[in-house]
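Below are some short notes on the model, set out as numbered points. Please read them with the coordinates open.

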Amino acid sequence: MHHFYDAQNYICYHYLGFDKSLFPMIEGEEYGERVFQDLFDEENTKPKEKGFAKYIYSRYKKWWGNRWKHRIVYPEGLFTTFIVQAVSHLMKPATLHN
């Protein structure tokens, strides 16, 4: 989680004009830039795909493309998280509807 906090600190200092003394350290330039650019990525504003199969495939592609975010926040492996999320969706299938 420290990488994520560093990224937030970096964004606050470099882009929002916060005073550097407010943060214990600002090291996360690589993650900070990546998180900041991701906030404004037009891929995030695309409308949902129509049709169940297309929707599931687009969600999988987005999940796979965002695995770098998982690595900077969670200690669990990606496979474990995938299984937990899949089971959660199976238990509450309404989360899969458009």
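1. Start with the surroundings of Ile72. Leaving out residues up to four places away in sequence, Ile72 touches Met1, His3, Phe4, Tyr31 and Val35. Ile72 itself sits in helix H4. In this predicted model, the C-alpha atoms of Ile72 and Met1 are separated by 6.0 Å, although the two residues are 71 apart along the chain.

2. Is Ile72 buried or exposed? Its relative accessible area is 4%, and the limit for buried is under 20%, so Ile72 counts as buried.

3. Ile72 also belongs to the largest nonpolar core, a set of six residues. The other members are Ala7, Ile11, Val35, Phe36 and Trp68. Helices H1 (2–14), H2 and H4 (67–73) are the elements that give two or more residues to this core. Val35 therefore appears twice in these notes: it is a core member, and it is among the residues that Ile72 touches.

4. Thr81 is the second residue to check. Its place is in helix H5, which covers residues 78–91. Thr81 is classed as buried because its relative accessibility is 13%, with the cut-off at under 20%.

5. Which residues does Thr81 contact, once its neighbours within four places in sequence are left aside? They are His70 and Glu76. With His70 there is a polar contact between the two side chains, at 2.8 Å.

6. The largest pocket holds about 630 Å³ of space. Its lining comprises 19 residues. Those nearest the centre of the pocket are Arg59, Tyr60, Trp63, Gln85 and His89. Helices H3, H4 and H5 each supply at least two residues of the lining. H4 thus has a part in both features: it contributes to the pocket lining and gives two or more residues to the largest nonpolar core.

7. On confidence, the average pLDDT of the chain is 83, and 95% of the residues score at least 70. Among the elements of the chain, the lowest mean pLDDT, 85, belongs to helix H3 (residues 52–65). The highest, 87, belongs to helix H2 (residues 29–39). H3 is also one of the helices that line the largest pocket, while H2 is among the elements that build the largest nonpolar core.

Definitions and conventions: Residues are numbered from 1 along each chain as its sequence is written. This is a predicted model: local features need pLDDT of at least 70, side-chain atom pairs count only at pLDDT 80 or more; totals for chains, interfaces and linings use all residues. Side-chain values use heavy atoms; hydrogens and water are left out. pLDDT is the predictor's confidence in each residue, from 0 to 100. Helices (H or I, at least four residues) and strands (E, at least two) are DSSP runs, numbered from the N terminus. Buried means under 20% relative accessible area, exposed over 50%, partly exposed in between (1.4 Å probe, protein chains only). A polar contact is a pair of N or O atoms within 3.5 Å; within protein, one must be able to donate a hydrogen and the other to accept it, and residues adjacent in sequence count only if both atoms are side-chain atoms. Contact means heavy atoms within 4.5 Å. A nonpolar core is a set of buried Ala, Val, Leu, Ile, Met, Phe, Trp, Tyr and Cys residues joined through side-chain atoms within 4.5 Å. On a 1 Å grid over the protein atoms alone, a cavity is a set of points where a 1.4 Å probe fits but cannot get out, and a pocket is an open set with protein on both sides within 12 Å along at least five of seven lines; lining residues have an atom within 4 Å of a point. Grid points are joined across faces, edges and corners, and a volume is the space filled by probe spheres set on the points.
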